[in-house]
Amino acid sequence: MPWPDVFLSLLRLEAGYVSGPRLAKKAGISRSAVWKHIKILRRYGYAIQSRHGLGYKLVGQTDLPVPWELARVLHTSFVGKHIVYRETIDSTQNLAISLASKPDSHGTVVIAEQQTSGRGRQDRKWLSPRGGIWLSVVLRPSIPTAKITLLPFVTGLAVYDTINTTGLDARLKWPNDVIISDKKVAGILLDISAQADQVNYAVIGIGINTNVDASAISARLDGIKITSISGELGHTVSRLDLTRSLLENIERYYVEMEQRGVGTILQEWKKRSDILGRKVTVVQNNKMIQGVAADVNYDGSLLVQTDHGVINVVSGDIHVSY
Ligand code: BT5
């Protein structure tokens, strides 16, 4: 579908009803093209009334995270200055990675309504039906390669703040999950290209179960318990507002990491997580480690106190005993 932003701005200029012929003249298009544009806008979620003899009137805005709406409301200096938007894509991560080698791609965002091959870590599946927030952010960070492992924590803080503006009480779970009452509501993925001392690019993928049916997703995941924002609240939320908040929060925490260092980010992350001090089971490939989550290290690894001493867990999944 073509972007309807120019036609939309003409419609917005009108206080009341505007006739088809007048719109056609202003837009320099035919009357049947006006009708096509109205249809496209409705498909994007705008409410447009049409009255015989009067014409058309815009009566309701979209709540989809479309780029032309984000451009009107987004207060950032680099994140989301360039947005690529797709109705359907294999994975926003793949497209973002293909854009990331361009030197001016810092802050580019790829957003999709649905993904056909959304992915998690270690090539696991990420189910991404319509109604969620599925996006990737390209960063070309000027931080040392060693600190790149902190980007999921920066992102976790941004997702946490965004979800909790809805009134929910989400928590951060090491290493990359956002949970509500022990059920996953959002996940974060990091793809990087780096040399020994220099990061070429990082692409952060974020999936938030926003207005989706969590039980339908769960049923496709062998019954794993997951949740969604709309399911928790009992009503849908504006994905446009949440995406705007998410992108602004990512930029804010990213700048904070660059200016104040990773220590601050980790402190903030620990405050928003409730795993420290809890019994955990770490699953790494086929290995299981049991102990108590003692701390998160300066590089983002998890320190687990076991009966045989402290173990430094760099990657894996954890199950927490609440
Ligand atoms: C993650 O991986 O949690 C990272 C998810 C990142 C998704 C975003 S969406 C935009 C961007 N484009 C992509 O292609 N990906 C990113 P991980 O920790 O490995 O969790 C994966 C596991 O979560 C799966 O094995 C399932 O058990 C579960 N899962 C799959 N879909 C889910 C969903 N929608 N909600 C909750 N859990 C899900």
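Let me start with Trp-134, which at 1% relative accessibility counts as buried, in what I should say at once is a predicted model. Trp-126 also counts as buried, although its relative accessibility is 17%, and that value still falls under the 20% cut-off for a buried residue. The structure holds four aromatic pairs.

One of those pairs joins Phe-78 and Tyr-254, whose ring centres are 5.8 Å apart and whose planes stand at 65°, an edge-to-face arrangement. What I would like you to notice on the model is where the two partners sit, since this pair links distant parts of the chain. Phe-78 belongs to the loop between helix H4, residues 67-73, and strand E3, residues 83-89, whereas Tyr-254 belongs to helix H9, residues 239-260, so that 176 residues separate them. Both rings belong to buried residues, with a relative accessible area of 15% for Phe-78 and of 1% for Tyr-254. To come back to the two tryptophans, the ring centres of Trp-126 and Trp-134 lie 6.5 Å apart with their planes at 75°, and the pair is therefore edge-to-face as well.

Now to strand E3 itself, where we find Tyr-85. Is this residue buried or exposed? With a relative accessible area of 6%, Tyr-85 is buried, because anything under 20% is counted that way. Leaving aside residues up to four places away in sequence, Tyr-85 touches Trp-3, Tyr-44, Leu-64, Pro-65, Val-66, Pro-67, Ile-111 and Glu-113. As a distance to carry with you while turning the model, the C-alpha atoms of Tyr-85 and Gly-28 are 26 Å apart in space, with the two positions 57 residues apart in sequence.

The next element is helix H10, which covers residues 262-271 and contains Gln-267. Gln-267 has a relative accessibility of 45% and so counts as partly exposed, while the buried residues of H10 are Val-262, Thr-264, Ile-265, Leu-266, Glu-268 and Trp-269. And what do those buried residues pack against? Their partners are helix H6, residues 151-164, strand E6, residues 171-173, helix H9, and strand E11, residues 287-296. H9, then, is the helix that carries Tyr-254 and also one of the elements against which the buried residues of H10 pack. For a sense of scale, Gln-267 and Ala-71 are 32 Å apart, C-alpha to C-alpha, and 196 residues apart in sequence.

Let me finish with the chain as a whole, which has 10 helices and 14 strands. Its radius of gyration is 22 Å, close to the 20 Å that the globule rule gives for 322 residues, and the chain is therefore as compact as a globular protein of that length. That statement should be read alongside the extents of the C-alpha trace, which spans about 80 × 40 × 30 Å along its principal axes.

Of the 322 residues, 53% count as buried, and among contacts with a separation of 6 or more, 62% involve residues 24 or more positions apart. Turning to the surface, the protein chain exposes about 15200 Å², of which carbon and sulfur atoms supply 49%. As for charge, there are 38 positive and 29 negative charges, and the mean positions of the two sets are 8 Å apart.

Definitions and conventions:
Residues numbered from 1 in each chain as written. Predicted model: local features only at pLDDT ≥ 70, side-chain atom pairs only at ≥ 80, totals over all residues. Heavy atoms only, no water. Helix = DSSP H or I, 4+ residues; strand = E, 2+ residues; numbered from the N terminus. Rg over C-alpha atoms; globule rule 2.2 N^0.38 Å. Buried < 20%, exposed > 50% of the residue type's maximum accessible area, 1.4 Å probe, protein only. Contact = heavy atoms within 4.5 Å. Areas by Shrake-Rupley, 256 points an atom, 1.4 Å probe, with all protein chains shown as cover. Lys, Arg positive; Asp, Glu negative; His and termini not counted. Charge placed at Lys NZ, Arg CZ, Asp CG, Glu CD. Phe/Tyr/Trp six-rings, centres within 6.5 Å; stacked < 30°, edge-to-face > 60°.
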